[in-house]
Amino acid sequence: MPADQLVADLTAALDAIPLIDPHSHIDPLAPVSKSLDDILGYHYYTELAHSAGMSQEPLGKDVSPRDRVRAIVGHMDRYDNTAQYRWFLDIARTFLGYDGTRITAGDADKLLDAAETTFAQPDWEKQVFAKTKLEKIFLTNEFDDPLEGFDTNVYVPCLRTDSLVFQLDRAETRERLFKATGVQLRDAGSLRKALATLFLHFTRKGAKACAISLPPDFEPAHYDDEYLYEQIRHHDCRDIGPGVFWLIAELCRDFKLPFDLMIGVNRRVYVNGVHQGQDLFDQRTSLIQYKRVFNAFPEVTFPVSVLTSAQNQELVAYSWIFPNVVPNGHWWYSNVPPYIRKDLGERLSAVPKTKLIGYYSDAYKLEFVLPKYAMYRRILATTLADDFVRPGVLSEAGAVALGTRLLRDNVRDTFKV
Amino acid sequence: MPADQLVADLTAALDAIPLIDPHSHIDPLAPVSKSLDDILGYHYYTELAHSAGMSQEPLGKDVSPRDRVRAIVGHMDRYDNTAQYRWFLDIARTFLGYDGTRITAGDADKLLDAAETTFAQPDWEKQVFAKTKLEKIFLTNEFDDPLEGFDTNVYVPCLRTDSLVFQLDRAETRERLFKATGVQLRDAGSLRKALATLFLHFTRKGAKACAISLPPDFEPAHYDDEYLYEQIRHHDCRDIGPGVFWLIAELCRDFKLPFDLMIGVNRRVYVNGVHQGQDLFDQRTSLIQYKRVFNAFPEVTFPVSVLTSAQNQELVAYSWIFPNVVPNGHWWYSNVPPYIRKDLGERLSAVPKTKLIGYYSDAYKLEFVLPKYAMYRRILATTLADDFVRPGVLSEAGAVALGTRLLRDNVRDTFKV
Amino acid sequence: MPADQLVADLTAALDAIPLIDPHSHIDPLAPVSKSLDDILGYHYYTELAHSAGMSQEPLGKDVSPRDRVRAIVGHMDRYDNTAQYRWFLDIARTFLGYDGTRITAGDADKLLDAAETTFAQPDWEKQVFAKTKLEKIFLTNEFDDPLEGFDTNVYVPCLRTDSLVFQLDRAETRERLFKATGVQLRDAGSLRKALATLFLHFTRKGAKACAISLPPDFEPAHYDDEYLYEQIRHHDCRDIGPGVFWLIAELCRDFKLPFDLMIGVNRRVYVNGVHQGQDLFDQRTSLIQYKRVFNAFPEVTFPVSVLTSAQNQELVAYSWIFPNVVPNGHWWYSNVPPYIRKDLGERLSAVPKTKLIGYYSDAYKLEFVLPKYAMYRRILATTLADDFVRPGVLSEAGAVALGTRLLRDNVRDTFKV
């Protein structure tokens with residue numbers, strides 16, 4: 001990003017906007033880090049260190065947190081070119097008092113000690129919220145989460161449905177579903193009832209969205225009740241994923257919940273990868289696979305994340321045409337500056353601005369919300385400067401208003417928070 | 001685009017070049033708008049307003065043009081970030097005396113009235129040609145168009161063949177073909193004769209191209225006469241599309257007409273979308289599907305448009321290798337600045353400059369030629385400045401010559417106008 | 001590229017780094033050009049001239065080199081916008097004393113004569129090495145290459161395995177394999193033995209890599225010995241390509257050689273194209289096809305080149321996750337500035353810097369190493385300036401160090417030279 005005054009001014013203005021983060025994996029009962037090990041245990045760092053040559057030994061349960069942190073920081077000089085390294089540098093500077101310019105092996109102990117002191121402060125969670133200007137953050141809750149012990153007005157529940165769609169063929173999942181709902185799966189009717197019970201539980205607890213991540217070859221389908229009965233009774237729910245998805249979409253309609261689709265991930269491609277560092281993708285996928293579901297549920301808003309930047313043009317076009325399709329943030333392998341810049345510029349050129357959900361952190365610990373949003377805001381400011389202010393299309397104030405819409409207004413409107 | 005002097009100078013130079021627009025949907029008997037309703041009835045605006053929340057009620061036949069315009073303009077504050085909005089702003093400024101910076105609901109009536117007066121001028125068509133510096137514009141004519149009542153030297157006929165390739169299984173199409181040619185379809189021979197009769201009619205009337213839009217999974221094929229006979233006689237021409245395409249390519253060869261291929265559109269994906277706002281695509285397509293036809297017809301020039309920017313590299317590579325493949329403009333979902341900039345830079349780096357057809361308007365009304373070409377020229381000027389003049393590869397005069405080639409010279413050479 | 005001081009400084013610093021070029025098609029017994037015909041016989045020029053309208057007549061064996069050069073240079077005013085033209089301009093300026101700014105038909109004879117004198121100098125090869133700051137260059141050797149008569153410390157052998165994987169069904173290939181190894185193919189065991197004999201020969205001669213180019217639909221597979229036996233004995237090795245690939249990967253593991261994968265080329269798409277100008281691609285391919293091989297051979301480093309820029313995000317993600325997958329240069333249809341800039345920026349944002357092999361020349365004659373690397377270094381300098389130095393992420397010295405890593409250090413580490 002050019003270090004010019006306009007971009008600096010826009011960034012400063014955007015930095016002042018309170019955040020509502022519409023997707024994360026925060027555990028509301030342990031939202032902040034307790035040690036640097038929590039920070040560097042984030043799969044981005046274990047993945048990059050491992051990819052750059054670190055064995056998986058330091059990741060073992062018997063290894064002390066200090067040794068693990070030393071190993072991961074010790075490999076940083078192999079991946080300090082990455083955006084993910086910069087998130088960590090930003091965390092070190094903002095939260096841990098680090099004032100150097102490049103973190104190397106020698107910094108591990110110092111940072112670890114600083115983190116221990118810092119994170120032990122009783123009001124640490126509150127401090128992170130304040131420094132981050134964070135107002136609310138969405139969770140990702142398993143369907144049998146009791147959703148208790150936290151303020152659902154701040155930690156907004158979201159019903160994650162992956163296991164319902166993809167793992168109902170496991171006795172364990174069906175058992176969990178029974179425990180959560182009291183409903184025994186026998187046929188389509190009881191399946192609907194069980195799912196409705198979950199939606200009731202979640203919406204009563206303030207859930208504002210339903211979500212699922214999907215493999216590249218997935219295609220939702222409307223199965224008739226007889227087929228569902230057959231699968232439930234005689235095949236242990238083996239081939240019903242596409243149909244369960246359909247039932248969930250029906251409930252999103254009935255309960256007025258947006259249905260977040262995160263499209264494109266193949267699980268366990270690198271079978272010996274680190275924890276959460278095994279998933280990749282097949283670029284050959286298309287939103288045409290969702291044609292039927294987008295048509296069948298005009299009342300349901302689908303905030304869609306795509307895993308690859310090449311699919312962004314499909315997302316732009318489908319959002320331009322379908323009133324109920326909405327581009328949602330920059331996900332995972334596309335959550336680095338070159339892809340964000342490209343995808344954001346494309347979306348801003350052809351999708352109504354009221355439909356653009358700019359960003360979500362996808363964070364596991366609250367400390368990551370700040371550096372990730374900071375990255376996004378720098379790119380957003382650059383994009384607004386280059387594509388709108390400099391060509392004379394928007395004033396600086398107009399650009400800030402547009403940025404505010406992406407950062408906050410559309411999150412409020414789409415998810416009704 | 002950076003608002004710098006070099007880009008401004010290049011833009012000014014390119015703005016002076018008289019245009020030959022090689023693809024549009026202009027009705028030569030009603031080429032200009034009669035009201036603002038004609039302008040805002042363009043599917044880009046109905047699509048975006050609908051996508052941003054407008055119901056389809058204002059688009060009904062019983063709704064007055066004034067109420068429809070109010071509804072579409074009334075939703076503009078939801079999509080005034082888009083390139084399409086800027087086309088409209090450009091029209092309002094250039095043709096309707098609008099001097100504001102942002103069109104909102106309150107401007108609807110004023111603009112409607114201004115349009116009524118302006119468009120009613122008896123020489124309006126002439127004025128649009130003059131302001132646009134438009135010399136000729138290609139049409140898109142159904143095969144049974146009589147091509148009468150207009151100056152074919154200005155409104156250049158182009159034989160659109162979609163219905164011949166994709167709808168010959170409809171009795172209505174075969175009936176129209178019979179009426180247009182006097183030939184009854186009985187076998188491959190009569191099919192050839194009917195098609196040749198169309199080509200004769202079109203070329204006598206000054207047609208300079210044949211054109212077709214194609215779904216992503218289409219692959220042309222050479223069918224033998226027996227198979228065609230079988231399909232024509234016993235299956236109501238059900239499965240002959242790929243073979244009809246082949247016969248049309250043969251006639252393009254015999255009649256020396258370029259064959260415009262517009263690749264990648266799936267029709268009626270959003271089945272309840274607005275008129276002309278229902279089509280999307282599947283990014284999974286490849287020019288390899290045209291391998292046989294490119295090889296079989298070395299004498300036919302194929303100006304190719306691809307629907308997605310991701311396929312632009314295929315278009316660049318196929319144009320670099322096949323003498324008869326020529327990149328043609330920026331189509332539909334790729335006709336917004338980020339994709340034009342990317343695709344243009346790629347084409348200029350690896351395809352012979354004599355083969356690059358820069359742009360076409362795709363317009364339904366003449367008033368759109370000006371803002372669309374203005375958008376393209378700004379991007380062309382920026383690209384020439386950044387990729388050629390600033391690195392010292394071309395002088396400013398050299399850059400203007402290269403731009404002229406893309407804008408005008410290659411249209412003349414390729415289509416022999 | 002902007003002609004600014006920072007970029008100029010970075011370019012100058014990168015220009016000083018001695019090169020180890022990890023992939024070329026140099027014939028070590030005739031490494032430099034003997035005439036301008038050798039330079040312009042490079043398929044890029046014959047392709048572009050032919051694509052721009054030159055018949056294939058001047059390429060005939062009976063045509064004099066002078067007439068051929070005149071024809072190819074004579075068409076240059078049709079493709080002097082391309083990156084490939086700029087390589088030639090760079091050669092003319094650096095090696096042939098050309099001081100103009102645009103090469104046209106009138107320059108052909110002068111350049112031909114200059115080349116004759118220049119290339120005839122007894123120390124020409126040495127001069128090219130010196131001007132290019134070239135230290136070592138990798139070859140691409142057929143499996144039965146004797147690898148004799150040259151300094152394998154400078155011209156580093158690389159075992160090209162395309163014909164083993166894709167043409168073992170030809171009697172001629174099996175005959176060559178027998179001659180090279182003395183092993184008669186009878187079963188899986190003898191196939192392994194023959195291949196191991198080749199690896200032994202190559203590594204004894206200093207080979208540092210094994211390489212293969214692959215069509216977009218290829219997927220390696222582990223075949224059992226019985227199946228291989230069946231194919232070898234009863235089907236003339238017809239369907240064993242994916243299994244031969246697997247055996248070669250096993251030998252790369254055993255002989256500790258990196259296995260260069262160049263993914264995505266379809267051979268002979270334009271069947272009447274010029275020599276080496278007939279290959280294109282199908283963008284629909286995925287690295288998921290290599291999932292099994294990447295998992296099965298964690299000890300083998302796979303430097304991967306992809307043919308299309310759209311697949312670069314897969315390459316980035318697979319390299320970020322798999323320790324043994326390494327992005328390798330910018331290949332063929334992606335070896336022009338817009339794709340290099342995009343792909344490089346993406347790789348630098350998310351792949352550990354120690355895994356990035358920046359560039360290779362792919363050259364057939366040594367004179368091309370200089371202009372191709374010059375193009376790459378300009379883009380690398382621009383990328384380092386815009387993405388690292390200007391945003392305050394790296395100092396200028398830090399950026400040069402990062403550039404050096406991509407240009408040289410990682411080649412040394414990956415290939416152990």
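# Interfaces around chain A

User: What kind of model is this?
Analyst: A predicted one.

User: OK. How many residues of chain A are in contact with chain B?
Analyst: 41 residues of chain A, in contact with 41 residues of chain B.

User: And how much area do chain A and chain B bury between them?
Analyst: About 3200 Å². Carbon and sulfur atoms carry 57% of it.

User: Which residues in chain A lose the most area to chain B?
Analyst: Gln313(A), Trp320(A) and Ile321(A). Together they make up 25% of what that side buries.

User: How many salt bridges does the rule find across the interface of chain A and chain B?
Analyst: One. The partners are Lys353(A) and Asp80(B), whose side chains meet at 2.7 Å, N to O.

User: How many residue pairs are in polar contact there, across chain A and chain B?
Analyst: 23, counting pairs with both residues at pLDDT 80 or more.

User: Which helices of chain A supply at least two residues to the side that touches chain B?
Analyst: H14 (291-296), H15 (312-321), H16 (337-350) and H17 (369-389). H15(A) gives the most, with nine residues.

User: How do the residues on that side of chain A divide by type?
Analyst: 19 are nonpolar, twelve polar and ten charged.

User: Switching partners. How many residues of chain C are in contact with chain A?
Analyst: 41 residues of chain C, against 41 residues of chain A. Chain C and chain A bury about 3200 Å², with 57% on carbon and sulfur atoms.

User: Which residues in chain C lose the most area to chain A?
Analyst: Gln313(C), Trp320(C) and Ile321(C), together 24% of what that side buries.

User: Which residue forms a salt bridge with Asp80(A)?
Analyst: Lys353(C). The closest N and O atoms are 2.7 Å apart. The rule finds one salt bridge across the interface of chain C and chain A. It also finds 23 residue pairs in polar contact there, both residues at pLDDT 80 or more.

User: Which element gives the largest share of the side of chain C that touches chain A?
Analyst: H14(C), with nine residues. Watch the numbering: helix H14 of chain C spans 312-321, while in chain A helix H15 spans 312-321.

User: Now inside chain A. What domains does the assignment give?
Analyst: Domain 1 (35-119) and domain 2 (126-415). Their centres, taken over C-alpha atoms, are separated by 29 Å.

User: How many residues of domain 1 of chain A are in contact with domain 2?
Analyst: 19 residues of domain 1, with 26 residues of domain 2 on the other side. The area buried between these domains of chain A is about 1900 Å², and carbon and sulfur atoms give 68% of it.

User: Which three residues supply more of the area that domain 1 of chain A buries than any other three?
Analyst: Tyr42(A), Trp87(A) and Phe95(A), at 34% of what domain 1 buries against domain 2.

User: How many salt bridges between the two domains of chain A?
Analyst: Zero by the rule. Five residue pairs are in polar contact between them, both residues at pLDDT 80 or more.

User: Which helix gives the most to the side of domain 1 of chain A that touches domain 2?
Analyst: H6(A), with seven residues. Helix H6 runs 83-96; H2 (36-40) and H3 (43-51) also supply at least two residues each. By type, that side of domain 1 of chain A has ten nonpolar, six polar and three charged residues.

Conventions. Residues numbered from 1 in each chain as written. Chains lettered and ligands numbered in written order. Predicted model: local features only at pLDDT ≥ 70, side-chain atom pairs only at ≥ 80, totals over all residues. Heavy atoms only, no water. Contact = heavy atoms within 4.5 Å. Buried area = accessible area lost by both parts, 1.4 Å probe. Salt bridge = Lys/Arg side-chain N within 4 Å of Asp/Glu carboxyl O. Polar contact = N/O pair within 3.5 Å; in protein donor to acceptor, adjacent residues only side chain to side chain. Helix = DSSP H or I, 4+ residues; strand = E, 2+ residues; numbered from the N terminus. Nonpolar A, V, L, I, M, F, W, Y, C, P; charged D, E, K, R; others polar. Domains from an automatic or database assignment.
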